[in-house]
Amino acid sequence: MSTGLQRRLLLLLLLPLFVLALLNAWFDYRSADSAALQQDSQLLSLVPLLADSIVARGDTAAAVPVLLTAPPVEEFLNSRPGAAAIAVAGLDGVVRVGAEWLSGAPPTTKEPAFSSEEFEGVTYRIVSQRVQTVAGELVVRLADGSDPRQQWLRLLALKVVLPNLVLAFAGFFAVRWAVGTALRPLLELRDALERRSPRDLSALDPDASPDEVRPLVVSLNRLFGLVNAQAESQARFVADAAHQLRTPLAGLQAQVEAWAQAVDAQTSDKNTASASAGSAQAAITLGADQVLRLRHAARRTSQLANQLLALSRADARSANVQPLQRIDLQQLCEAVLESQLDAAMDKNIDLGLDASPVHISGQEWLLRELLVNLVDNAIKYTPSGGHVTIRCGQGRYAFLEVEDDGPGVPQAEHQRVLERFYRVAGTAVEGNGLGLAIANEIALVHRSQLELKPGGAGRGLCVGLRFPPA
């Protein structure tokens with residue numbers, strides 16, 4: 001956590017701070033640059049006033065001209081004591097009036113020339129221009145030592161770099177503390193999950209987590225519930241399978257044990273004869289009723305094993321994660337009808353089809369299993385000469401149903417017959433009580449439920465389901 005999410009949060013939070021620090025330095029420089037431009041404009045505006053301040057020439061060409069400083073120039077000098085200077089120089093560069101350090105070569109043109117020069121530790125912004133005065137052509141110079149651009153460059157480390165570095169370090173520790181505090185509930189959740197036993201699937205408390213983590217806790221609780229339900233379903237399946245297989249397997253074992261005892265008896269009776277007549281093999285004779293009982297037990301065991309497997313595969317908690325397909329219900333009904341015709345003919349039952357074209361989204365192998373179980377149940381419980389009808393179509397919802405005119409199921413038992421291994425009391429037909437339970441699990445996978453109602457004319461049973469819109 002500390003090397004993943006925490007590091008990314010620190011980077012994402014500190015990077016904007018670094019960018020903002022650079023923007024702050026850039027804006028400071030732009031502000032200084034703008035102030036410097038205003039300073040240049042002010043110096044340039046004072047040049048003609050300084051030139052007009054020369055009111056007379058000296059006695060000779062090299063003499064000092066008479067200078068009567070204009071009020072704006074005087075105000076400029078007084079407002080910057082020790083940081084402003086003026087000079088009037090000849091074309092030879094010698095200063096006639098003003099600060100001697102402002103001497104130097106005159107501009108080559110009559111356009112104003114700006115320069116920067118350091119004097120006694122102060123950087124001055126200087127404007128020089130050749131002007132025509134009453135004392136002849138001279139060079140006037142004004143110097144301002146409060147140049148903000150030069151001051152900004154000189155104080156760059158103190159005014160920009162150092163504060164931003166302090167801000168960055170303070171921001172790093174503040175953000176690290178804030179991120180660690182904000183992630184503490186998530187770290188506590190991780191520790192709580194790591195300390196759990198693999199068998200502990202109890203729900204976490206969503207109210208103990210912050211709003212941002214609560215959806216994760218809810219999702220974990222949902223996952224725990226699904227895993228717990230699947231584990232319970234598997235445990236229940238194993239227990240049911242062991243319980244239900246015990247009876248047919250006990251019958252098979254008893255039958256085989258009886259034959260084994262018969263073989264042992266015949267073998268002991270013929271020990272003497274076999275010693276003299278060679279190795280003649282013992283044989284036993286089975287009655288027709290014994291063979292039929294053995295076949296019945298084997299068929300029941302096979303059917304029960306197949307139904308238990310189908311029930312496990314159709315469990316709604318695990319089957320609903322499989323992808324859905326586009327299914328033609330009419331074609332599915334026709335296929336199941338064809339596969340069940342022999343069983344219906346053996347009992348002299350009229351197996352019919354009333355199907356209209358309709359398509360749904362679902363899992364075809366599960367719906368086939370559902371329909372086979374419903375039709376098998378209907379044929380099994382409908383007496384000879386009865387009728388079984390498979391229907392599908394489209395009304396308000398797509399539907400699928402199987403109707404028979406057999407004995408039916410009492411209204412009070414409609415919900416109970418959907419339970420696993422439950423059979424209505426007094427039922428004479430052999431069965432395991434799994435057919436409708438399997439069909440109901442498959443209906444749940446398709447966001448529906450089996451509906452039981454009396455058949456046509458109040459006789460028999462109609463079992464079906466409606467498919468909600470996709």
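A residue is exposed when its relative accessible area is over 50%, and buried when that area is under 20%. The model worked on here is predicted.

**Exercise 1. Two loop residues**

Task: Decide whether Arg447 is buried or exposed, and say where Arg447 is placed.

Solution:
- Start with location. Arg447 sits in the loop between α11 (435-445) and β13 (451-454).
- Next, take the area. Arg447 has a relative accessible area of 58%, so Arg447 is exposed.
- Then check the backbone. Arg447 is not a glycine, yet its phi is positive, about 55 degrees.
- Set that against the usual case. Most residues other than glycine have a negative phi.

Task: Run the same steps on Asn348, and find what its phi is.

Solution:
- Asn348 belongs to the loop between α9 and β9 (350-355).
- The relative accessible area of Asn348 is 53%, so Asn348 is exposed.
- Phi of Asn348 is positive and near 60 degrees, in a residue other than glycine.

**Exercise 2. Helix lengths**

Task: Test whether the ends of α9 are as far apart as its 18 residues should span.

Solution:
- Use 1.5 Å a residue. The expected span of α9 is 26 Å.
- Compare the ends. The end C-alpha atoms of α9 are 26 Å apart, which agrees.
- Now look along the helix. A kink of about 45 degrees is centred on Gln340 in α9.
- Gln340 is also among the buried residues of α9, which include Leu329, Leu332 and Cys333.

Task: Repeat the test for α10.

Solution:
- α10 has 18 residues, and at 1.5 Å a residue they should span 26 Å.
- The end C-alpha atoms of α10 lie 26 Å apart, so expectation and model agree.

**Exercise 3. How α9 and α10 pack**

Task: Describe the crossing of α9 and α10, its hand and the residues that meet there.

Solution:
- Choose the descriptors. Two packed helices are described by the angle and the distance between their axes.
- Apply them. The axes of α9 (residues 329-346) and α10 (residues 364-381) come within 10 Å and cross at roughly 40 degrees.
- Add the hand. This crossing of α9 and α10 is right-handed.
- List the contacts. From α9, the residues include Leu332, Val336 and Gln340; their partners in α10 include Leu367, Leu371 and Ile379.
- Sort by class. The contact of α9 with α10 holds twelve nonpolar, one polar and two charged residues.
- Check burial in α10. Leu367, Leu371 and Ile379 are among the buried residues of that helix, as are Asn373 and Lys380.

**Exercise 4. Two buried residues**

Task: Place Ala378, and name what Ala378 contacts beyond its sequence neighbours.

Solution:
- Ala378 lies in α10.
- Its relative accessible area is 4%, so Ala378 is buried.
- Leave aside neighbours within four places in sequence. Ala378 then contacts Val388, Val402 and Asp404.
- Look back to α9. The C-alpha atoms of Ala378 and Ala344 are 9.6 Å apart, with their positions 34 residues apart along the chain.

Task: Do the same for Glu401, and say which strand holds Glu401.

Solution:
- Glu401 is in strand β12 (residues 398-404).
- At a relative accessible area of 15%, Glu401 falls under the 20% cut-off and is therefore buried.
- Beyond neighbours within four places, Glu401 contacts Thr389, Ile390, Arg391, Lys453, Cys462, Val463 and Gly464.

**Exercise 5. The whole chain**

Task: State how many helices and strands the chain has.

Solution:
- The chain contains eleven helices and 14 strands.
- Of its 470 residues, 36% are buried.
- Among contacts with a separation of 6 or more, 64% join residues 24 or more positions apart.

Key. Residues numbered from 1 in each chain as written. Predicted model: local features only at pLDDT ≥ 70, side-chain atom pairs only at ≥ 80, totals over all residues. Heavy atoms only, no water. Axes fitted to C-alpha atoms, helices over the stretch in contact; angles between N-to-C directions. Helix = DSSP H or I, 4+ residues; strand = E, 2+ residues; numbered from the N terminus. Left-handed = near helix turned anticlockwise from the far one by under 90°. Contact = heavy atoms within 4.5 Å. Nonpolar A, V, L, I, M, F, W, Y, C, P; charged D, E, K, R; others polar. Expected span 1.5 Å × (residues − 1). Bend = angle between axes of the 7 residues up to and from the residue. Buried < 20%, exposed > 50% of the residue type's maximum accessible area, 1.4 Å probe, protein only.
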